Amino acid sequence: MKQPTLQPDFEGDYLLGQGAPFPLDSGAALPQASLHYAIYGKLNEARDNAILACHALTGSARVADWWQDLFHDRHPLDADKHCVIGINVLGSCYGSTGPRSISPTTGKPYGADFPVISIRDMVRAQAELIRHLGIRQLRAVLGGSIGGMQALQWTIDFPDRVAGCFSVGAAPL
């Protein structure tokens with residue numbers, strides 16, 4: 001019998017750079033960018049029990065919707081033990097700034113004018129949110145496919161902020 005999907009303890013949005021433009025590797029910048037995220041479980045007092053679960057191309061911040069089997073007692077994403085964070089990547093259609101977002105410059109959806117987003121851009125944005133949450137080091141970063149690429153990028157760009165990395169089915173960076 002399949003268990004019901006675990007609901008996040010918190011779900012919300014974070015405005016990157018307190019509204020300042022977010023520079024991209026392409027040389028473009030997003031005038032305003034926000035990230036949608038979900039948290040399962042609670043951060044402990046030391047804030048050292050956080051696990052970042054990075055989603056694949058079609059995933060969302062709601063990690064338990066797509067990795068439900070990992071959330072049971074004594075499984076890798078046990079929300080009674082860990083604080084599991086899912087963050088929609090920039091360009092996602094699930095709440096973070098993306099092609100369907102309204103451009104503050106034109107007042108219309110970005111559509112095809114949305115700039116190219118790199119894996120490094122995604123990870124830099126995630127790192128800003130993680131810093132905002134007061135987390136100095138993640139216990140682990142994990143993901144599959146493009147999420148696995150994000151996990152690997154974390155270890156390259158922020159090696160001191162990641163204790164462990166689990167990357168599944170990712171292409172080399």
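The exercises below concern aromatic pairs and a β-α-β unit in a predicted model.

**Exercise 1.** Classify the geometry of the aromatic pair formed by Phe 10 and Tyr 37, and state where the two residues lie in the chain.

Solution.
1. The structure holds four aromatic pairs. In one of them, the ring centres of Phe 10 and Tyr 37 are 5.4 Å apart, with 45° between the planes.
2. Stacked requires planes under 30 degrees apart and edge-to-face over 60, so the pair is tilted.
3. Phe 10 belongs to strand S1 (residues 10–15) and Tyr 37 to strand S4 (residues 34–40). With these positions 27 residues apart, the pair links distant parts of the chain.

**Exercise 2.** Decide whether Phe 10, Tyr 37 and Trp 154 are buried, partly exposed or exposed.

Solution.
1. Buried means under 20% relative accessible area, and exposed means over 50%.
2. Phe 10 has 40% relative accessibility, so Phe 10 counts as partly exposed.
3. Tyr 37, at 6%, is buried.
4. Trp 154, at 0%, is buried.

**Exercise 3.** Describe the contacts of the Phe 158 ring with Trp 154 and Arg 161.

Solution.
1. Trp 154 and Phe 158 form a tilted aromatic pair, 5.2 Å centre to centre and 50° between the planes.
2. Arg 161 lies over the face of Phe 158, at 5.4 Å from the ring centre.

**Exercise 4.** Determine how strands S7 and S8 are paired and give the handedness of the unit they make with helix H3.

Solution.
1. S7 (residues 140–144) and S8 (residues 165–168) run parallel and are joined by four bridges.
2. Within this pairing, Leu 142 stands opposite Phe 166 in S8.
3. Together with H3 (residues 146–157), the two strands make a right-handed β-α-β unit.

Methods. Residues are numbered from 1 along each chain as its sequence is written. This is a predicted model: local features need pLDDT of at least 70, side-chain atom pairs count only at pLDDT 80 or more; totals for chains, interfaces and linings use all residues. Side-chain values use heavy atoms; hydrogens and water are left out. Rings of Phe, Tyr and Trp (its six-membered ring) pair if their centres lie within 6.5 Å; planes under 30 degrees apart count as stacked, over 60 as edge-to-face and the rest as tilted. Buried means under 20% relative accessible area, exposed over 50%, partly exposed in between (1.4 Å probe, protein chains only). A charge sits over a ring if NZ of Lys or CZ of Arg is within 6 Å of the ring centre and within 35 degrees of the ring normal. Two strands pair if DSSP finds at least two bridges between them. A crossover is right-handed if, with the strands pointing away from the viewer, the path from the first strand over the helix to the second runs clockwise.
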